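Q: I would like to learn how to read features from a set of coordinates, one at a time. Could we work through an example together?

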Amino acid sequence: MSIAGLHHVTVTSGPPAPNLAFYAEALGLRLVKRTVNFDDPGVYHLYFGDAAGNPGTIMTTFPFPNARAGQAGAGSTSAVAFSVPDPAARVDALERAGTAVARTERFGAPIWQFTDPDGLALELLEGPEGIAGVTLWLDDPEPTARLLVEVFGYTQGPEQQEAGGHRRRLALAGDAPGRFIDLWRADASSRSRGGAGTVHHIAFRARDRAHQDELAAALRARGEQVTERKDRQYFESIYFREPGGVLFEIATDPPGFAVDEPADALGRELKLPPWLEPHRTRIEAALPAL
Ligand code: ZN
């Protein structure tokens, strides 16, 4: 039943143009889908990833032109780590784009830390291209750790005391993207507040609907409140709020981003799901220029 890692991470962002420039140019991801928030079609939903938009490489943003700044804190995903084969080259590109990057070490390996234009904490480390993992900031990491181990198949990794708190790593075997979840318990608690520069939710991978159903059943058996399945056009999703307060999604690998445009043209045009297509003229008129 174990999962294969993270599918995507979705963040709330500020104005769309700097958001697109940062993720597509400075960070070097490909814009693989240009669509709208299906629950709020006045706002873009931009998907960034590797060239093919593979699960585990996807960072998605809801860029609100006038978003209030949010704040990471207990009950939120407080940092997102990307891995790339050549971090030095990527650090150069970030610095040339005006992003300040700091180098440090974690669990014996170098990592580079910086923020996106809205202040979201991002990290870079060496590895196959994709999302390496995330940090969850939790007042009590134990119930979340149990869920990740007992339902999702993560295993206990290293832990260390750091300035300001304690970090404990849960990891999946192998080098699949999204293989680690760090649980961060701060010495001084601070509540998170949604808004620009914060993670809205993280999504884990289900192989298919049957696998997603198995996971949903296991979660419901533990008393988790899991939503019904929602059609997200490029995957199908269920959602629940894990015991520490972070919104988790489980998304199916199929059908993927090539379902409504050719693989070599991903992200060029505004795509709408069939149920929003009749409103295209009105939706396009309301969206800011990109
Ligand atoms: Zn999602």
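**Reading the model feature by feature**

A: Let us start with burial: H201, with a relative accessibility of 5%, counts as buried, since the cut-off for that word is under 20% relative accessible area. Please keep in mind throughout that this is a predicted model.

Q: Which residues coordinate the zinc ion, and through which atoms?
A: The general reference for such a site is geometric, the ideal angles at a metal being 109.5 degrees for four tetrahedral donors and 90 or 180 degrees for six octahedral ones. In this structure the zinc ion is coordinated by NE2 of H8, NE2 of H201 and OE of E249, at 2.0 Å. Water is not among the atoms, so the site may look incomplete.

Q: How are the donor residues of the zinc ion spaced in sequence?
A: The spacing reads H-x192-H-x47-E. H201 belongs to strand β13 (residues 198–206) and E249 to strand β16 (residues 247–252), so this pair ties together parts that lie 48 residues apart in sequence. E249, at 1% relative accessibility, counts as buried.

Q: How should I read a helix such as α1, and which of its residues are buried?
A: The general idea is that an α-helix has 3.6 residues a turn, so residues three or four places apart point the same way. In helix α1, which spans residues 16–26, the buried residues are P16, N19, L20, F22, Y23 and A26. Just after α1 comes G28, which takes a positive phi of about 80°.

Q: How many salt bridges does the structure hold, and where does the partner of E150 lie in the chain?
A: In general, side chains of opposite charge can pair when their charged atoms come close. The structure holds 17 salt bridges. In one of them E150 pairs with R222, the closest N and O atoms being 2.8 Å apart. This pair links distant parts of the chain, with E150 in helix α3 (residues 141–150) and R222 in the loop between α4 (209–221) and β14 (230–231), 72 residues apart. R222 is partly exposed, its relative accessible area being 35%.

Q: Are the partners R209 and E236 buried or partly exposed?
A: The side chains of E236 and R209 meet in a salt bridge with an N to O distance of 2.8 Å, and the pair links strand β15 (residues 236–241), which holds E236, to helix α4, which holds R209, across 27 residues. E236 counts as buried at 18% relative accessibility, whereas R209 is partly exposed, with a relative accessible area of 45%.

Q: Which residues are joined into one network by salt bridges that share partners?
A: Such bridges join E162, R167, R169 and D182 into one network. Within this network, R169 and D182 meet in a salt bridge of 2.7 Å, N to O; R169 lies in strand β11 (residues 165–171) and D182 in strand β12 (residues 180–186), 13 residues apart. R169 counts as buried at 15% relative accessibility, and D182 is buried too, with a relative accessible area of 0%.

Q: What gathers on the surface as a patch of negative charge?
A: Patches are made of residues with over 30% relative accessible area and no salt bridge. Here D86, D92, E95 and E126 gather in such a patch. D92, in helix α2 (residues 87–96), counts as partly exposed at 43% relative accessibility.

How values were computed
Residues are numbered from 1 along each chain as its sequence is written. This is a predicted model: local features need pLDDT of at least 70, side-chain atom pairs count only at pLDDT 80 or more; totals for chains, interfaces and linings use all residues. Side-chain values use heavy atoms; hydrogens and water are left out. Donors are N, O and S atoms within 2.8 Å of the metal (3.2 Å for Na, K and Ca); water is not among the atoms, so sites may look incomplete. Helices (H or I, at least four residues) and strands (E, at least two) are DSSP runs, numbered from the N terminus. Buried means under 20% relative accessible area, exposed over 50%, partly exposed in between (1.4 Å probe, protein chains only). Patches are made of residues with over 30% relative accessible area and no salt bridge: like charges are joined within 9 Å, nonpolar side chains (Val, Leu, Ile, Met, Phe, Trp, Tyr) within 5 Å. Accessible areas come from the Shrake-Rupley method with a 1.4 Å probe; for residues, only the protein chains shown count as cover. A salt bridge is a side-chain nitrogen of Lys or Arg within 4 Å of a carboxyl oxygen of Asp or Glu. Lys and Arg count as positive and Asp and Glu as negative; His and the chain ends are not counted. The place of a charge is taken as NZ of Lys, CZ of Arg, CG of Asp or CD of Glu.
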